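This briefing sets out selected features of the model shown below, grouped by topic. Please read it with the sequence and the structure to hand.

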Amino acid sequence: MPRLVLLSEGYTGRTYELKADKTTVGRVSDNAFEIPEASVSSHHAEILLRGTEVLVRDLNSTNGTFINGERVTEAVLKSGQILRLGTIEMRLETGAPAAAKPKQALDQTRVIPQGVKLDELSSTGTAPEFKTTGFEKKSNRGAKVFAIVAGIIAVCLLGALLWVVFFSKQ
């Protein structure tokens with residue numbers, strides 16, 4: 001029995017078996033196959049079983065219906081092909097083996113650089129030396145400046161008090 005296997009993040013592994021001759025797919029709950037995703041239209045598409053064929057028909061959706069990246073209004077979906085409704089991707093599985101895809105040769109080989117391993121550091125006998133770790137004690141310069149300024153103000157206030165006491169009597 002044909003089924004749709006969702007591939008998009010958040011829906012991965014969710015499946016829907018196509019049992020009825022006509023299955024509606026969309027965002028709202030009155031669809032046979034509800035996909036609550038903003039990019040899927042309320043009534044996005046319908047899937048029709050015609051013998052051994054699975055026919056997909058777009059229902060004038062906002063974000064389109066695609067088979068293997070190609071926009072369609074009505075097309076036959078074959079086993080292994082990717083159906084995309086809005087941003088939701090799903091693959092049709094029929095139980096029949098999917099057509100073998102020819103292997104593609106890589107365009108180029110990329111070397112992914114590897115970091116330094118811990119045993120390589122210890123085998124050299126020297127550990128890396130760091131000047132700072134970011135957790136050093138901060139200087140207490142602000143407290144020193146505050147103490148000096150407070151001392152100067154205290155001396156000035158004491159001098160003003162003495163001046164008032166001695167010179168106000170005359």
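Strand S3 (residues 22–26) and strand S5 (residues 45–50) run antiparallel and are joined by four bridges. The structure is a predicted model. Within the S3 and S5 pairing, Thr23 stands opposite Ile47 in S5. The points below place this pairing in its sheet, and then turn to the salt bridges, to a second set of strands and to a nonpolar surface patch.

**The five-stranded sheet**

- S3 and S5 belong to an open sheet of five strands, ordered S4-S3-S5-S6-S9, in which the pairing is mixed.
- The edges of this sheet are strand S4 (33–34) and S9, each of which pairs on one side only.
- S3 and S4 pair in the parallel sense, over two bridges.
- Gly26 is the residue that stands opposite Glu34 in S4.
- S6 and S9 are paired in the antiparallel sense, and four bridges connect them.
- In general, the strands of a sheet pair through backbone hydrogen bonds, and the sense may be parallel or antiparallel.

**Asn31 in the loop between S3 and S4**

- The loop between S3 and S4 contains Asn31.
- Asn31 has a relative accessible area of 6%, and it counts as buried because this value is under the limit of 20%.
- The Asn31 side chain reaches the backbone oxygen of Val28 at a distance of 3.0 Å.
- Leaving aside residues up to four places away in sequence, Asn31 touches Thr24, Val25, Gly26, Ser42 and His43.

**Salt bridges of the five-stranded sheet**

- Arg57 stands opposite Glu74 in S9.
- These two residues also form a salt bridge, in which the closest N and O atoms of Arg57 and Glu74 are 2.8 Å apart.
- Arg57 lies in strand S6 (residues 53–58) and Glu74 in strand S9 (residues 74–77), so the salt bridge ties together parts that are 17 residues apart in sequence.
- Arg57 is partly exposed, at a relative accessible area of 27%, and Glu74 is likewise partly exposed, at 44%.
- A network of salt bridges links Lys22, Glu46, Arg57 and Glu74.
- In general, side chains of opposite charge can pair when their charged atoms come close.
- The count of salt bridges comes to five.

**Strand S11 and its partners**

- Strand S1 (residues 3–6) pairs with S11 in the antiparallel sense over four bridges, and Leu4 stands opposite Leu92 in S11.
- Strand S10 (residues 82–85) also pairs with S11 in the antiparallel sense, over four bridges, and here Ile82 stands opposite Arg91 in S11.
- S10 and S11 form a hairpin with two residues between them, and Gly86 in the turn has a positive phi of about 65°.
- Which side chains of strand S11 (residues 88–93) point to the buried face? Ile88, Met90 and Leu92 point to one face and are buried, whereas Glu89, Arg91 and Glu93 point to the other face and are not buried.
- In a regular strand, side chains alternate between the two faces of the sheet.

**Salt bridges involving Glu93**

- Glu93 and Arg3 meet through their side chains in a salt bridge, at 2.9 Å from N to O.
- This pair links distant parts of the chain, with Arg3 in strand S1 and Glu93 in strand S11, 90 residues apart.
- Glu93 also meets Arg91 in a salt bridge between side chains, at 3.0 Å from N to O.
- Glu93 counts as partly exposed because its relative accessible area of 22% falls between the limits of 20% and 50%.
- Arg3 is partly exposed at 30% relative accessibility, as is Arg91 at 27%.

**Nonpolar surface patch**

- Leu158, Leu161, Leu162, Trp163, Val164, Val165, Phe166 and Phe167 make a nonpolar surface patch of about 840 Å².
- Val165, one of these residues, is found in helix H2 (residues 141–167).
- Val165 has a relative accessibility of 39% and therefore counts as partly exposed.

Note on methods
Residues numbered from 1 in each chain as written. Predicted model: local features only at pLDDT ≥ 70, side-chain atom pairs only at ≥ 80, totals over all residues. Heavy atoms only, no water. Patch = residues over 30% accessible without salt bridge, like charges linked within 9 Å, V, L, I, M, F, W, Y side chains within 5 Å. Areas by Shrake-Rupley, 256 points an atom, 1.4 Å probe, with all protein chains shown as cover. Salt bridge = Lys/Arg side-chain N within 4 Å of Asp/Glu carboxyl O. Buried < 20%, exposed > 50% of the residue type's maximum accessible area, 1.4 Å probe, protein only. Pairing = 2+ DSSP bridges. Polar contact = N/O pair within 3.5 Å; in protein donor to acceptor, adjacent residues only side chain to side chain. Contact = heavy atoms within 4.5 Å.
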